[in-house]
Amino acid sequence: MYSHRRKKQMIFFSLFKTLIGHKIVVELKNDMVIEGILVAADQFLNLKLGEINVVNQEKYPHMMSVKNCFIRGSVVRYVQLPRDQIQLKLLQDTARIEADRLKG
């Protein structure tokens, strides 16, 4: 089980590494939505964003002055990725190969 989860994380880790320098939108489990430039990502899917904007600034006024942030992977609900930067076919093929490998 652990090995399967680890492989899945590595697929997404590789994907996020290719998106460094691109704008992404991250929705957190507390409903905060942050958009910014992906600066770094690690194997735990922790993200470092630069040039951030909080989507609902009225609800989170304390975030208006923040320009960079670190987001722990365990608090992320969704990540919206730039469609033009994703090689969807490659991602699907990689996931399919890994699923087939795990089946036996």
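Trainee: Quick one to start: where is E51 found?

Mentor: E51 is found in strand β3, and, since this is a predicted model, please take everything I say here as a description of that prediction.

Trainee: What is the phi of E51 like, positive or negative?

Mentor: The phi of E51 is positive, at about 50°, although E51 is not a glycine.

Trainee: And is E51 buried or exposed?

Mentor: E51 is exposed, because its relative accessible area is 62% and the cut-off for that label is over 50%.

Trainee: OK, so which strand is β3 joined to by 6 bridges?

Mentor: That is strand β2, covering residues 33–41, which runs antiparallel to β3 at residues 47–54. To give you one pair you can find on the structure, E35 has N53 in β3 as its bridge partner.

Trainee: What about β1, how many bridges join it to β2?

Mentor: There are 5 bridges between β1 and β2, and these two strands also run antiparallel. One pair to look for is E27, which stands opposite V33 in β2.

Trainee: Zooming out, in what order do the strands sit in the sheet?

Mentor: The sheet is open and holds 5 strands in the order β4-β3-β2-β1-β5, with antiparallel pairing. At its edges are β4, residues 68–71, and β5, residues 76–80, each of which pairs on one side only. Neighbouring strands in this sheet are turned against each other by 40° on average, with direction ignored.

Trainee: And where do the side chains of a regular strand point?

Mentor: As a general rule, side chains in a regular strand alternate between the two faces of the sheet.

Trainee: Changing topic to the loops: which residue takes a positive phi in the hairpin of β1 and β2?

Mentor: It is D31, with a phi near 80°, in a hairpin that has 4 residues between the strands. D31 is not a glycine, and its place is in the loop between β1, residues 23–28, and β2.

Trainee: How is D31 classed for exposure?

Mentor: D31 counts as partly exposed, because its relative accessibility is 44% and that class lies between the 20% and 50% limits.

Trainee: What does the hairpin of β2 and β3 look like?

Mentor: That hairpin has 5 residues between the strands, and L45 is the residue there that takes a positive phi, near 65°. N46 also has its place in the loop between β2 and β3.

Trainee: Is N46 buried or exposed, then?

Mentor: N46 counts as buried, because its relative accessibility is 12% and buried means under 20%. If we leave aside neighbours within four places in sequence, N46 is in contact with A40, A41, F70, I71, R72 and G73.

Trainee: Back to the whole chain: how many helices and strands are there?

Mentor: The chain has 2 helices and 5 strands, and along the sequence these follow the pattern α-β-β-β-β-β-α. Its C-alpha atoms fill a box of roughly 50 × 30 × 20 Å, taken along the principal axes.

Trainee: How much of the chain is buried?

Mentor: Buried residues make up 28% of the 104 residues, while the chain exposes about 7200 Å², of which carbon and sulfur atoms supply 55%.

Trainee: Last one: how far apart are the mean positions of the positive and negative charges?

Mentor: They are 7 Å apart, for 17 positive and 10 negative charges in the chain.

Note on methods
Residues numbered from 1 in each chain as written. Predicted model: local features only at pLDDT ≥ 70, side-chain atom pairs only at ≥ 80, totals over all residues. Heavy atoms only, no water. Pairing = 2+ DSSP bridges. Axes fitted to C-alpha atoms, helices over the stretch in contact; angles between N-to-C directions. Buried < 20%, exposed > 50% of the residue type's maximum accessible area, 1.4 Å probe, protein only. Areas by Shrake-Rupley, 256 points an atom, 1.4 Å probe, with all protein chains shown as cover. Lys, Arg positive; Asp, Glu negative; His and termini not counted. Charge placed at Lys NZ, Arg CZ, Asp CG, Glu CD. Contact = heavy atoms within 4.5 Å.
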